[in-house]
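Here are some exercises to work through with the model open beside you. Try each task before you read its solution.

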Amino acid sequence: ALGNVIEKLAQKSGGKKNVIIPYRESKLTRLLQNALGGSSKTVMICAISPASSNYEETLSTLRYADRAKRIKNAAVINENPQDKLIRQLREENAKLKDMIGSAPTGAQGDLSGEDLAAKQAEIAALEEALCDMQKSFSERMAEAQKAAQKREKEKENLSLPHIANLNEDDLLTNKLCFAFKEGRSRIGRSLAVGEQGEKPDVGLAGLGILTEHAAVVNTGGQCVLSAGSK
């Protein structure tokens, strides 16, 4: 049975089509299926004897070895697709870091300032992708729950009186939405980083936007808009 499998595999490697490999003929060939014709590198050692009394067995073994050496396997690493992608990203990241580290500094360097900045941005993007892929299941679940809560909050805001942006591009319309809860809501300029003051309920940015630009008073779903004091 093993000889038949070797013969069929040799024919298949030689280019013959529609060859059926009889792995099921014996338990041995079934166990050796992945080693003989699968994704692996297999080494066979044939024991022969120079004695004339073993001539027939030696000749048979050599013929068997001649058929076996014609088998060609395409060995492929068996790994999880996500693990493979992580490994490729790490290799690419290391290659980019080596490229930047080995590049000479100064005007005579092979990398210009723009190229160096582009490589550094690519490294940052790869590291971010690696970090995202290595997140645990619990972290992904927490992020999914946070996103669901955000969507629920957006739905709740749409049930209240609100203002939204309009744009000639339909895809950009309603991308900004500000809801007015019961009571008074301040509309004004968003505070800059480090700036002291009371944060407005609805922050706007642009020329001519005052610190307290306007106010909206929501009373039982009816809103009154008034100009700000400053």
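## Exercise 1: a pocket and its lining

By class, six nonpolar, three polar and three charged residues make up the lining of the second largest pocket. Keep in mind that this is a predicted model.

**Task.** Find which residues line the second largest pocket, and sort them by class.

**Solution.**
- Step 1: pull up the lining, which consists of Ala35, Leu36, Ser40, Lys41, Thr42, Met44, Ala68, Lys69, Ile71, Lys72, Asn73 and Ala75.
- Step 2: pick out the nonpolar ones; Ala, Leu, Met and Ile count as nonpolar, and the lining has six nonpolar residues.
- Step 3: turn to the charged ones; Lys counts as charged, and the lining includes Lys41, Lys69 and Lys72.
- Step 4: what is left is polar, with Ser40, Thr42 and Asn73 in the lining and three polar residues in the tally.
- Step 5: add the volume, which is about 190 Å³ for this second largest pocket.

## Exercise 2: the overall layout

**Task.** Work out how many helices and strands the chain has, and in what order its elements run.

**Solution.**
- Step 1: count the elements, and you get seven helices and six strands.
- Step 2: walk from the N terminus, and the order reads α-α-α-α-α-α-α-β-β-β-β-β-β.
- Step 3: check burial, taking under 20% relative accessible area as buried; 18% of the 230 residues of the chain make that cut.

## Exercise 3: two helices, inside and out

**Task.** For α1 and α4, compare the end-to-end span with the expected one, then find where the buried residues sit around each axis.

**Solution.**
- Step 1: take α1, whose twelve residues reach 16 Å from first C-alpha to last, close to the 16 Å expected at 1.5 Å a residue.
- Step 2: list the buried residues of α1, namely Val5, Ile6, Leu9 and Ala10. Looking down the axis, these buried residues fall within an arc of 135°, so they line one face of the helix.
- Step 3: do the same for α4, where 14 residues at 1.5 Å a residue should span 20 Å; the end C-alpha atoms are 20 Å apart, which agrees.
- Step 4: the buried residues of α4 are Thr58, Tyr64 and Ala68. Their arc around the axis is only 125°, which puts them on the same side of α4.
- Step 5: flip to the other side of α4, and there you find Tyr55, Glu56 and Arg63 exposed.

## Exercise 4: salt bridges

**Task.** The structure holds four salt bridges. For the glutamate 7 pair, say which partner it has and where the two residues lie; then look at the bridges of aspartate 66 and glutamate 212.

**Solution.**
- Step 1: glutamate 7 pairs with arginine 67, and the closest N and O atoms are 3.2 Å apart. The pair links distant parts of the chain, with glutamate 7 in helix α1 (residues 2–13) and arginine 67 in helix α4 (residues 55–68), 60 residues apart. Glutamate 7 is partly exposed, at 28% relative accessibility.
- Step 2: aspartate 66 meets lysine 69 at 3.7 Å, N to O. Aspartate 66 is partly exposed at 36%, while lysine 69 is exposed at 64%.
- Step 3: glutamate 212 meets arginine 186 at 3.8 Å, N to O. Glutamate 212 sits in the loop between β4 (202–204) and β5 (214–219) and arginine 186 in strand β3 (residues 183–189), so the bridge ties together parts that are 26 residues apart in sequence.
- Step 4: look at burial here; glutamate 212 is buried at 15%, and arginine 186 is buried at 9%.
- Step 5: widen the view, and Arg184, Arg186 and Glu212 turn out to be linked in a network of salt bridges.

## Exercise 5: apart in sequence, how far in space?

**Task.** What are the C-alpha separations between glycine 14 and arginine 70, alanine 124 and asparagine 93, and arginine 186 and valine 202?

**Solution.**
- Step 1: glycine 14 lies in the loop between α1 and α2 (27–31) and is exposed at 66% relative accessibility. Glycine 14 and arginine 70 are 56 residues apart in sequence and 7.5 Å apart in space.
- Step 2: alanine 124, in helix α6 (residues 113–133), is partly exposed at 42%. Alanine 124 and asparagine 93 are 31 residues apart in sequence, with 8.9 Å from C-alpha to C-alpha.
- Step 3: go back to arginine 186 in strand β3; its C-alpha is separated by 6.3 Å from that of valine 202, 16 residues apart along the chain.

Terms used
Residues are numbered from 1 along each chain as its sequence is written. This is a predicted model: local features need pLDDT of at least 70, side-chain atom pairs count only at pLDDT 80 or more; totals for chains, interfaces and linings use all residues. Side-chain values use heavy atoms; hydrogens and water are left out. On a 1 Å grid over the protein atoms alone, a cavity is a set of points where a 1.4 Å probe fits but cannot get out, and a pocket is an open set with protein on both sides within 12 Å along at least five of seven lines; lining residues have an atom within 4 Å of a point. Grid points are joined across faces, edges and corners, and a volume is the space filled by probe spheres set on the points. A salt bridge is a side-chain nitrogen of Lys or Arg within 4 Å of a carboxyl oxygen of Asp or Glu. Helices (H or I, at least four residues) and strands (E, at least two) are DSSP runs, numbered from the N terminus. Buried means under 20% relative accessible area, exposed over 50%, partly exposed in between (1.4 Å probe, protein chains only). The expected span of a helix is 1.5 Å times one less than its number of residues. The arc is that of the directions from the helix axis to the C-beta atoms.
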